[in-house]
Amino acid sequence: MTPRRRLPAILLRLTLVLAVLAGIVLTALGPATVTGLLPYFTIQSNVAVGVLAGYAAWCALRGRPEPPSVLKGAVTLYITITGTVYHLVLANPASPFAMTQPDRQPGEWWGNQFLHTVVPLLAVADWALFDRRGWLRPRYAAWWLVFPLGYLGFALVRGLIVDRYPYPFIDAGELGYAGVAISATGFAAVFWLLGLLFVGVDRLLARIGRADPSAAGPAQPPMSEPTGSDPADSGPAGSEPAMRETTGSG
C-alpha cells in the first residue's frame with residue numbers, strides 16, 4: 001500500500017471497528033442480550049468484519065502486507081449477505097420471509113442500522129478501495145459458501161435443542177426440513193452468484209489499476225494462496241510470481 005493511501009485506509013478501518021462495536025452495544029441495550037445475539041448470522045458476520053478491519057488497520061499502520069485477499073473477499077461477502085438479506089428479505093414487507101419490525105428505542109434503532117447498513121457499506125468500501133486486486137478466482141465463490149452452510153447446520157441443530165430459529169427461511173418448525181432445504185438451496189445459489197460478482201469486480205478493478213498505475217500502488221503477493229494451481233492462476237497479469245516477492249511493506 002502506498003504511503004498516501006495508508007492513512008485513509010487506517011481511518012476507514014478504525015471507523016469500521018467503531019461501527020461494529022456501536023452496533024452490537026446499542027443493540028444489546030434493547031431486549032436482546034449479547035449472548036442472545038451471538039447465534040445470529042448478523043452478529044457473527046459483523047464480529048468477523050470488526051476483527052479483520054482491526055487487523056488490517058494494524059497491518060497498514062506497521063507497513064505489513066494486507067490480509068489475504070481470499071479471506072478479505074469472504075468476510076466482505078458475508079457482511080454483504082447480512083445487509084442484502086435484511087433489506088430485501090427480512091425488512092421488506094413484500095418478502096415471504098418478512099419479519100415483523102418491532103418499535104425500537106432510538107439507541108436500539110441506531111444499533112440495528114449500524115449492523116445492517118453502515119457496517120456493510122463501510123466494509124464494501126474498504127474492500128473496493130484498499131484491497132489488493134487481481135488475486136480472486138471464480139472457484140473462491142464456491143469455497144466461500146462453507147461458512148453460510150456451516151451456519152445453517154448450526155442453526156438447525158440449535159433449533160432442535162431450543163425450539164427456536166434465528167430466521168424464518170431456516171425455520172424447520174414452520175417450513176419443515178424439506179422447505180428449509182428448498183429455501184437454503186435458493187439462498188446458496190444467490191450467494192454463489194454474489195461471490196462471482198465480487199470476483200468479477202476484482203478483475204475489473206485490477207484492469208483499471210494496470211491502466212492507471214498511479215492509482216493502484218505496487219502489487220503485493222497474497223499472504224496465503226492455494227498451491228498447485230495452474231499457471232493461469234498464479235497471480236494478476238504483469239505481476240512477479242509470489243515466490244519472488246519480499247514481505248516488505250507496499
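# Bridges, rings and cores

Trainee: Both Arg13 and Asp126 are buried, meaning under 20% relative accessible area, where exposed is over 50% and partly exposed is in between (1.4 Å probe, protein chains only). Before we go on, what kind of model is this?

Mentor: Good place to start: residues are numbered from 1 along each chain as its sequence is written, and side-chain values use heavy atoms, leaving out hydrogens and water. Local features need pLDDT of at least 70, side-chain atom pairs count only at pLDDT 80 or more, and totals for chains, interfaces and linings use all residues, as this is a model that is predicted.

Trainee: How many salt bridges does a search of the whole structure find?

Mentor: For a salt bridge, a side-chain nitrogen of Lys or Arg must be within 4 Å of a carboxyl oxygen of Asp or Glu. Searching the whole structure on that basis, the number of salt bridges comes to five.

Trainee: How many residues apart in sequence are the parts that Arg13 and Asp126 tie together?

Mentor: The two side chains meet in a salt bridge at 3.0 Å, N to O. Arg13 belongs to helix H1 (residues 3-28) and Asp126 to helix H5 (residues 106-130), so the parts they tie together are apart in sequence by 113 residues. Helices here are DSSP runs (H or I, at least four residues; strands are E, at least two), numbered from the N terminus. The separation asked for is therefore 113 residues.

Trainee: Which residue forms a salt bridge with Asp126 at 3.1 Å?

Mentor: The partner lies in helix H4 (residues 69-90) while Asp126 is in helix H5, so this pair ties together parts 54 residues apart in sequence. Both ends count as buried: the partner has 4% relative accessibility and Asp126 has 2%. The closest N and O atoms are 3.1 Å apart, and the partner is Lys72.

Trainee: Arg13, Lys72 and Asp126 are linked in a network of salt bridges; which other residue is linked in it?

Mentor: We have already met Arg13 with Asp126, and Lys72 with Asp126. The network links these three residues with one more, Glu66.

Trainee: Which residue forms a salt bridge with Arg133?

Mentor: Arg133 is in the loop between H5 and helix H6 (140-143) and its partner is in helix H8 (residues 172-211), so the pair ties together parts 69 residues apart in sequence. Arg133 counts as buried at 17% relative accessibility, and its partner is buried at 0%. With the closest N and O atoms 3.0 Å apart, the partner is Asp202.

Trainee: Over the ring of which residue does the charged end of Arg133 sit?

Mentor: A charge sits over a ring if NZ of Lys or CZ of Arg is within 6 Å of the ring centre and within 35 degrees of the ring normal. The charged end of Arg133 lies 4.6 Å from the centre of the ring, which belongs to Trp127.

Trainee: Is the pair of Phe41 and Phe147 stacked, edge-to-face or tilted, and what is the angle between planes?

Mentor: Rings of Phe, Tyr and Trp (its six-membered ring) pair if their centres lie within 6.5 Å; planes under 30 degrees apart are stacked, over 60 edge-to-face, and the rest tilted. A search of the whole structure gives 17 aromatic pairs. In this one the centres are 5.5 Å apart, so with its plane angle the pair is tilted, at 35 degrees.

Trainee: Which helix holds both Tyr55 and Trp58?

Mentor: Their ring centres are 6.1 Å apart and their planes at 25 degrees, so the pair is stacked. Tyr55 is partly exposed at 35%, as is Trp58 at 36%. Being three residues apart, they are separated by about one helical turn of H3.

Trainee: Which element gives the largest share of the largest nonpolar core?

Mentor: A nonpolar core is a set of buried Ala, Val, Leu, Ile, Met, Phe, Trp, Tyr and Cys residues joined through side-chain atoms within 4.5 Å. The largest has 32 residues, and Ile81, Val85, Trp144, Phe169 and Ile170 have the most contacts inside it. Elements giving two or more residues to this core are H4, H7 and H8. The largest share is nine residues, from H4.
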